[in-house]
Amino acid sequence: MSPDSRGLRCACVLAAVVGLSLAAESQGQKALTTDHYTVVTRDGAEADLTFARRWLDAAEELMTTKYHVEPDWYRTSVNLLYRPENDIDATQSGQNRCCSTDDQGRKTGTIFLLGPSAPIWKERQLMSSLGLPKDGEDYHAKVLMSEYIPIGHYAVQDSRPAGGWQYYSAPQWFVQGLQEYDGIYHTTETNRTRTADALMKWARQNEGRFACCIKGFELGDAYNGGAAFMAFLAAEFGEGIHERLLRSGASTFDEALASETKPYSQSELLSRFRKWVA
């Protein structure tokens, strides 16, 4: 791409970004924009903007350090909600709707997040599926990381020269589990310790929900079960196994997993997982 065309593209992107920010400001909203994302929230919720930028930037740093990619061909709008709307509530407080492709070939999507300042978090004593409170930064950081980090997962697969299995062809315990794992182990110190401990306790108490091998691995809870299995894979084969699985040129996820976990069979791997959790 020539310097002139790069400059024209940057000017177009800047104009669009400024237009979005001004539109938000004129409607009583606050907007924050970077090269890869725009965050919009209501007037008076500036602390939510600061919170969002901290953890969106942390997610992008993780994309670089863990997955060795940058989200240059993705643009994400992040809407921080003040009250539950549509299917976003205190149970499912975040959702990433991605992706469409714009006329410049960039992939665009939207994250909806029930913001930390939403009154519902203080009005009720809400607990997560791991039995932990939802009213603090630890929980909200975990959710936002888990909703934005898939952009890095997509970018890893985009970077393959050709072929390979597709992200959503994998079982949900991998897709959701890896997102949840990154949200727990790569946000706050409390998540890396207390939340991780609660996850392992959950896995021990739900050992019967982990099975194989008629249809591959079957985990009764894609989020907690998947995150626990991702933690096991990281401990057993190094955390780089997550990137290697995403980057694999194998035609199916099962083939990629079998290749990366040699010399163990599925039943042997499950046995090692159960011993590791115990």
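What follows is a short conversation about the predicted model shown above.

Author: In this predicted model, local features need pLDDT of at least 70 and side-chain atom pairs pLDDT 80 or more, while totals for chains, interfaces and linings use all residues. Residues are numbered from 1 along each chain as its sequence is written, and side-chain values use heavy atoms, with hydrogens and water left out.

Reader: What makes a stretch count as a helix or a strand?
Author: Each is a DSSP run, numbered from the N terminus: H or I over at least four residues for a helix, E over at least two for a strand. The chain has eleven helices and seven strands.

Reader: Why is the chain called as compact as a globular protein of its length?
Author: The globule rule is 2.2 Å times the number of residues to the power 0.38, and the radius of gyration is taken over C-alpha atoms. For 278 residues the rule gives 19 Å and the chain has 20 Å, which is close, so the description fits.

Reader: What share of the residues counts as buried?
Author: Buried means under 20% relative accessible area (1.4 Å probe, protein chains only); 49% of the 278 residues meet that.

Reader: What makes a group of residues a nonpolar core?
Author: Its members are buried Ala, Val, Leu, Ile, Met, Phe, Trp, Tyr and Cys residues, joined through side-chain atoms within 4.5 Å. The largest such core here has 79 residues, and Trp173, Phe174, Phe229 and Leu233 have the most contacts inside it. Helix H8 (residues 224-237) gives the most, nine residues.

Reader: Which residues does Phe174 touch?
Author: With contact meaning heavy atoms within 4.5 Å, Phe174 touches Trp165, Met230, Leu245, Leu246 and Phe253, leaving aside residues up to four places away in sequence.

Key. Buried < 20%, exposed > 50% of the residue type's maximum accessible area, 1.4 Å probe, protein only.
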